[in-house]
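Grab a pencil and let's work through a few exercises together. Have a look at the structure first, then try each task before reading its solution.

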Amino acid sequence: MNSKLLKYTKQGIYCPQADIYIDPWGNVDKAVITHGHSDHARRGAKKYLTHRITVPIIKHRLGSDINTKPVEYGEVISVNGVRISLVPAGHIPGSAQVRLEHKGEVAVVSGDYKIEDDGFSAAFEPVKCNTFVTESTFGLPIYKWKPQKEIAADINSWWKANKKKGFASVLCGYSLGKAQRIIKMLDTRIGSIYTHGAVHSVNELLVKEGMILPETRLVTKEIAKSDFVGAMIIAPPSAMGSTWLNKFEPYSLGYASGWMNVRGARRWQAIDIGFALSDHADWPGLNDAIKNTGAESVYVTHGFTSVFVRWLKEQGIDAHELHTQFKGEQVGTDDGEAGN
Ligand SMILES: [Zn+2]
Ligand SMILES: [Zn+2]
């Protein structure tokens, strides 16, 4: 990287002046974590600085013994003259862009982000900077999301139709972020909402942090099969194709992922319906976000990096690829269970 503030090392993105890594892998002293997804928050740092809401999430996932320092959005931490602050990234609860400022130079590492306000995570805020580090999970022009309220209407009418047939509705999505976003979108007048254990434990952490979710019930062996008739069950993607689903028979199976935007993506999964609901920016979102930073240099970390970098260069932007270990949105696996 030819940034004054950031270097790229084998442990990831590094700010030498502050001696901090952002979302690193391997053993480092100090890490700033953008959000709790497993490809961004890993074990191995002696100290973790992250948003208050991300603290219980990473303790739950990486172990309660890790050393954490919670911060709020906008709170400035000065380390060796570098002003470090977190700005909402709109990706999932607690997700943040990391803003670094030193001697008038500003660098922003955005982690994962989405532009549309989901009404649950703090909404994305554009930040002016000299250097911007971006993802490009959906960095192709074919990816363009429908407004959330239209997707919510689609999900609720699917649920209603299933209920009418005497079916349960099982909807799968990442247990951290996506699942709660879906739960917030549900019309609770239709029926009861149940959760898989992986979703339930994240819900509990977020509610403890003051986030508000409608009432849900954990799926347990004690619940009568008849209770699931007409109900909505929220589960991680790993539940698809597992025997855990048998207890909901008869059911309709849905999957909420940005990849459902593409016809055919749903064919290889044994699902009945796909909802193109993503916690990442779509093509127009990525382009707007980058333009709004006014950055002279843009580094692209994961997703369709080479195509996206070429596109940015054609727009006259000094763009580069970074070969990180970030993974973007995965199909069929749950982020939390990937464990890396
Ligand atoms: Zn993420
Ligand atoms: Zn990511």
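Here are four exercises on this predicted model, each with a worked solution.

**Exercise 1: the whole protein**

Work out whether the radius of gyration of the protein agrees with that of a compact globule.

*Solution.* Start with the chain length: there are 340 residues, and a compact globule of that length would have a radius of gyration near 20 Å. Next, take the value for the protein, which is 20 Å, so the two agree. For the extent along the principal axes, the C-alpha trace spans about 65 × 45 × 30 Å. Now count what's inside: seven helices and 19 strands. Buried residues come to 50% of the 340. Finally, look at contacts with a separation of 6 or more: 59% of them link residues 24 or more positions apart.

**Exercise 2: a strand with two neighbours**

Find out how covered strand E12 is, and how E12 pairs with E16 and E15.

*Solution.* First, check burial: E12 covers residues 168-172, and five of its five residues are buried. Then split them by face. Ala168, Val170 and Cys172 lie on one side, Ser169 and Leu171 on the other, and both faces are covered. Now for the pairing: E12 runs parallel to E16 (residues 251-256), with five bridges between them. With E15 (residues 232-235), E12 also pairs in the parallel sense, over four bridges. Zoom in on leucine 171 to finish: its opposite number in E16 is glycine 254, while in E15 its bridge partner is isoleucine 234.

**Exercise 3: an open sheet**

Which strands stand at the edges of the seven-stranded sheet, and why does each have a free side?

*Solution.* Write down the order: E7-E8-E9-E10-E11-E18-E19, an open sheet with mixed pairing. The ends are E7 (77-79) and E19 (318-321); each has a single partner strand, so one side of each lacks a neighbour in the sheet. On average, neighbouring strands here are turned by 25° against each other, direction ignored. Next, pick one pair: E9 (residues 96-102) and E10 (residues 105-109) run antiparallel, joined by five bridges. Within that pair, histidine 102 has glutamate 105 of E10 as its bridge partner. Last, add helix H5 (residues 283-293), which packs on the sheet and touches E10, E11 and E18. The direction of H5 makes about 175° with that of E11.

**Exercise 4: one glycine**

Is glycine 274 buried or partly exposed?

*Solution.* Locate it first: glycine 274 sits in strand E17 (residues 273-275). Then count: 19 other C-beta atoms lie within 10 Å. Being buried takes 20 or more, so glycine 274 is partly exposed.

How values were computed:
Residues are numbered from 1 along each chain as its sequence is written. Chains are lettered from A and ligands numbered from 1 in the order in which they are written. This is a predicted model: local features need pLDDT of at least 70, side-chain atom pairs count only at pLDDT 80 or more; totals for chains, interfaces and linings use all residues. A residue is buried if 20 or more other C-beta atoms lie within 10 Å of its own, exposed if 12 or fewer, and partly exposed in between; C-beta atoms are placed from the backbone. Two strands pair if DSSP finds at least two bridges between them. The radius of gyration is taken over C-alpha atoms; the globule rule is 2.2 Å times the number of residues to the power 0.38. Two residues are in contact if their C-beta atoms, placed from the backbone, lie within 7 Å. Axes are lines fitted to C-alpha atoms, for helices over the stretch in contact, and angles run from 0 to 180 degrees between N-to-C directions.
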